[in-house]
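User: I would like to go through this model step by step, with short reasoning for each point. Please start with the contact definition.

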Amino acid sequence: MGKVKVNMVIRFLKGMQAEKVNVLGTEEAMEDNELIQKVIEDIELFYEAELEG
C-alpha cells in the first residue's frame, strides 16, 4: 500500500477514535475505540516492513 497511505489510514483511524470520544463520551466510546485500536495494530503488523523503511 505504501508507507504514506498506511500512515494516512492510521492517522484517520486515530482521529476517528478521538471523534468518538468527543461525540459519545469516554465511557460509551470505549468499546468502539478498542475495536479500532485492534484494527490499527493489525495494520501496523501487516505493513510492518513498509513502515520501517
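Analyst: A contact here means heavy atoms within 4.5 Å. The model is predicted. Among contacts in the chain with a separation of 6 or more, the share from residues 24 or more positions apart is 55%.

User: Which pattern does the chain follow when read along the sequence?

Analyst: The chain has three helices and zero strands. Read from start to end, the pattern is therefore written with helices, as α-α-α.

User: What box do the C-alpha atoms of the chain fill, taken along the principal axes?

Analyst: The chain has 53 residues, of which 19% count as buried. Along the principal axes, its C-alpha atoms fill a box of roughly 35 × 15 × 15 Å.

User: How far apart are the end C-alpha atoms of helix 2, and what span should its 21 residues have?

Analyst: Helix 2 covers residues 26-46. There is a kink of about 35° in this helix, centred on Asp32. At 1.5 Å a residue, the 21 residues should span 30 Å, and this agrees with the end C-alpha separation of 29 Å.

User: Against which helix do the buried residues of helix 2 pack?

Analyst: The buried residues of helix 2 are Ala29, Asn33, Ile36, Ile40 and Ile43. One of them, Ile36, touches Leu13, Met16, Gln17 and Lys20, leaving aside residues up to four places away in sequence. Of these, Met16 has its place in helix 1. The buried residues of helix 2 pack against helix 1.

User: Is Asn33 buried or exposed?

Analyst: Asn33 is placed in helix 2. Leaving aside residues up to four places away in sequence, Asn33 touches Gln17, Lys20 and Val21. The cut-off for buried is under 20% relative accessible area. Asn33 has 12% relative accessibility, so the residue counts as buried.

User: Which residues form the largest nonpolar core?

Analyst: In soluble globular proteins, nonpolar side chains tend to be buried together. The largest nonpolar core in this model has seven residues. Helix 1 and helix 2 each supply at least two residues of this core. The members are Val6, Ile10, Leu13, Ile36, Ile40, Ile43 and Tyr47.

User: Which residues meet in a salt bridge, and at what N to O distance?

Analyst: The count comes to one salt bridge. The pair links distant parts of the chain, with Asp32 in helix 2 and Lys20 in helix 1 (residues 3-24), 12 residues apart. The side chains that meet are those of Asp32 and Lys20, with an N to O distance of 3.1 Å.

User: Why do Asp32 and Lys20 count as partly exposed?

Analyst: Partly exposed lies between the cut-offs of under 20% for buried and over 50% for exposed. Asp32 is partly exposed because its relative accessibility is 28%. Lys20 is partly exposed because its relative accessibility is 23%.

User: What geometry does the pair of Phe46 and Tyr47 have?

Analyst: A pair of aromatic rings is described by the distance of the centres and the angle of the planes. A search of the whole structure finds one aromatic pair. The ring centres of Phe46 and Tyr47 are 4.9 Å apart and their planes are at 80°, so the pair is edge-to-face.

User: Are the two rings' residues buried or exposed, taking Phe46 and Tyr47 in turn?

Analyst: Phe46 has 65% relative accessibility, so Phe46 counts as exposed. Tyr47 has a relative accessible area of 17%, so Tyr47 is buried.

User: What distance separates the C-alpha atoms of Gly2 and Leu24?

Analyst: Gly2 lies in the segment before helix 1. With a relative accessibility of 26%, Gly2 counts as partly exposed. The two residues are 22 residues apart along the chain, and their C-alpha atoms are separated by 33 Å.

User: How far apart in space are Val4 and Thr26, C-alpha to C-alpha?

Analyst: Val4 has its place in helix 1. Its relative accessible area is 60%, so Val4 is exposed. Val4 and Thr26 are 22 residues apart in sequence, and C-alpha to C-alpha they are 30 Å apart.

User: What distance separates the C-alpha atoms of Met16 and Leu35?

Analyst: Met16, in helix 1, counts as partly exposed at 30% relative accessibility. Met16 and Leu35 are 19 residues apart along the chain, and the separation of their C-alpha atoms is 12 Å.

How values were computed: Residues are numbered from 1 along each chain as its sequence is written. This is a predicted model: local features need pLDDT of at least 70, side-chain atom pairs count only at pLDDT 80 or more; totals for chains, interfaces and linings use all residues. Side-chain values use heavy atoms; hydrogens and water are left out. Rings of Phe, Tyr and Trp (its six-membered ring) pair if their centres lie within 6.5 Å; planes under 30 degrees apart count as stacked, over 60 as edge-to-face and the rest as tilted. Buried means under 20% relative accessible area, exposed over 50%, partly exposed in between (1.4 Å probe, protein chains only). A salt bridge is a side-chain nitrogen of Lys or Arg within 4 Å of a carboxyl oxygen of Asp or Glu. Helices (H or I, at least four residues) and strands (E, at least two) are DSSP runs, numbered from the N terminus. A nonpolar core is a set of buried Ala, Val, Leu, Ile, Met, Phe, Trp, Tyr and Cys residues joined through side-chain atoms within 4.5 Å. The expected span of a helix is 1.5 Å times one less than its number of residues. The bend at a residue is the angle between axes fitted to the seven residues ending there and the seven starting there.
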